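Thanks for sharing this one with me. Here are my notes, point by point, to read alongside the model.

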Amino acid sequence: MNDFSLLYPRNTESCFIQLNEEAVNDLSVEHICEKLSGEVYEQNIIKNIMIKLERNPDVIRYRRDVFDDIYHYPKLRERIKGLLEELAYLKDLERSVKDATAAPIWQLINRLQELEIYIHCIAGIRESLEEHDIRSEGLHLLKEYVSSVYEESGFEHLRQDIQELVSEIGQIKSLSIGVNLDSKLMPVEVGIVSINDKPFSRPGVLSKFLDFSSKKSEIHSGAGFDGMTKIHMAGKVTGDDPLMMNLSRVMTEMLGTTVKQLKNKLSRYTNISGYSLTKLIPEFIFYIRWADYLEKVAAVGLPLCKPEILDTRRREFHARDLYNFKLAIRKAAGKNEDIILNDLDFDAEHRIYIMTGPNRGGKTTLTQAVGLMFLFAQCGIYVPARELQFSPADSIYTHFPADENKTVNLGRLGEESKRMSELFAQATDESLLLFNESLATTSFAEGLYIAKDVVKALRYLGARTIFNTHMHELAMNLDEVNTKIEGDSKVASLITGIHEGTRSYKIFLAPPEGVSYAQDIAKKYGVTFEQLSGQIHRTPAPAKTPQ
């Protein structure tokens, strides 16, 4: 169990690159994690898994199949959720059981609790997995592990011993404490007088106390006292409180037979630990929170699919009806979102896209959507599309407009150019590159000059790329780039759709339409020269007076 994981198959090496800060921010990873869980602890777990972009197809396939099982069996998911709370408590017990300074009685009690939770979790996981037709390698391995533990002859003995010990320890309901006072009635010593099988709840404590003091048995029957006050139990587990240490020592002495029996029985199970199960907590959280949320997305009618994984060297991507997951978040929250679905392919003929279109026409939304498709697919979860076949990327690099505070020293153009150079120094032909209105912060002439060289470099690199831009001239004469610059990946023009002068948010392969779009808009709103001149009413020239 030590090397078991629901994220990584056995005997398979992890192969990931951690996304840089810019990519994490530009893809809104933290925003998405916040929607998956309201707990910061869980948000961090999910984020830390997502930003480690796994590229090994075997690992991605392993995760994808585990998620597929968890998504398709809501009852299995709910059962595991309940066990997660017990596993979390088990994790908290680990410190106290291993703490050599803790009082012996608390060490034994915590060890007893650990084994009790371990038994319940093993049985619960086994039962829930056997009730469903699971297909993933990961959950089959987990099932084999818990079944082997459950079916061992010692497991039933363990269950019986623990049940008996829990029952016996559970009889202790209260302690009678004696306090010695000095001449000023100040407490100077404290100790346990008796250990009782009932809580203090009735009057007559003095008479009961006198009866207890003469009895020899370890556990006395009944006690009574009104007005009990809560005490601070911070030292209960670790034993760092002097009063608790003293009470624990006396309690251990008075429970001589019980403590000895507890020690003897628990010593049989020194090699059994439930902590290996607690290592699965973050992985279960990741899968369950994603499955829960994607159910909400599916419930509002948006397509989701299990991606098909292609060889990494093919550097391909074929998506049908993809959309930006951030729009799905809004729709799942009840917002009125008319989400447009698009098809997109990366292959040798169309591996680098120069995407143009009107402002607020969906260029940024589509660019981000593609990045999230790769990110989700390589995490092993369903993707926001009807179909997807893809070759994993070795990393995702983004070049979005920078925070103005980060451009103080270099200026906007200097900062953008520096990030551009760093991006090309790290990227390979198996990377995914996303440019969002890059080089738009300088003059048009300067930006276009630099951007043309960038496009040539992209052709030479051959990585899957979307370069969305307002510079329509950049997407012209691409045949010349594809002919003159060495490379096995062609540059293509992609435009956001325009229909009768309005934005349709559909994308398609075509030459840039910057001028034609302006003509459509002008006609729609009546601002062509012909339309405007037709509305102009000239004041007639005064008639000439005959000479």
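1. Helix α7 has a long list of residues that count as buried in this predicted model: Gly138, Leu139, Leu141, Leu142, Tyr145, Val146, Ser147, Val149 and Tyr150. The geometry of the helix holds up too: α7 runs over residues 137–151, and at 1.5 Å a residue its 15 residues should span 21 Å, which agrees with the 21 Å between its end C-alpha atoms.

2. Helix α16 (residues 411–426) passes a similar check: a span of 22 Å is expected for its 16 residues at 1.5 Å a residue, and the end C-alpha atoms lie 23 Å apart, which agrees. Which of its residues are buried? They are Glu415, Glu416, Arg419, Met420 and Leu423. Because these cover an arc of only 135° around the axis, they sit on the same side of α16. Their cover includes β11 (396–399), β12 (432–436) and α17 (444–461).

3. Now to the nonpolar cores. As a reminder, nonpolar side chains tend to be buried together in soluble globular proteins. The largest core here has 100 residues, and those with the most contacts inside it are Phe286, Trp290, Phe317, Phe325, Leu344, Leu375 and Phe376. Helix α13 (residues 281–299) supplies the largest share of this core, with eleven residues. Another core, of 23 residues, lies apart from it and has Leu423, Leu448, Leu458 and Met471 among its members.

4. Phe286 deserves a click in your viewer. Leaving out residues up to four places away in sequence, Phe286 touches Leu7, Ile46, Ile49, Met50, Cys379 and Ile381.

5. Is Ser37 buried or exposed? With a relative accessibility of 6%, under the 20% cut-off, Ser37 counts as buried. Ser37 is placed in the loop between α2 (29–36) and α3 (40–50). Its side chain makes a polar contact, at 2.8 Å, with the side chain of Glu42. Not counting neighbours within four places in sequence, Ser37 is in contact with Glu42, Gln43 and Arg289.

6. Asn342 is another polar residue to look at, located in strand β8 (residues 342–346). Its relative accessible area is 5%, so Asn342 is buried. What does its side chain reach at 3.0 Å? The partner is the backbone oxygen of Tyr505. Beyond residues up to four places away in sequence, Asn342 touches Ala319, Arg320, Asp321 and Leu322, as well as Tyr505, Lys506 and Ile507.

Note on methods:
Residues are numbered from 1 along each chain as its sequence is written. This is a predicted model: local features need pLDDT of at least 70, side-chain atom pairs count only at pLDDT 80 or more; totals for chains, interfaces and linings use all residues. Side-chain values use heavy atoms; hydrogens and water are left out. Helices (H or I, at least four residues) and strands (E, at least two) are DSSP runs, numbered from the N terminus. Buried means under 20% relative accessible area, exposed over 50%, partly exposed in between (1.4 Å probe, protein chains only). A polar contact is a pair of N or O atoms within 3.5 Å; within protein, one must be able to donate a hydrogen and the other to accept it, and residues adjacent in sequence count only if both atoms are side-chain atoms. Contact means heavy atoms within 4.5 Å. The expected span of a helix is 1.5 Å times one less than its number of residues. The arc is that of the directions from the helix axis to the C-beta atoms. A nonpolar core is a set of buried Ala, Val, Leu, Ile, Met, Phe, Trp, Tyr and Cys residues joined through side-chain atoms within 4.5 Å.
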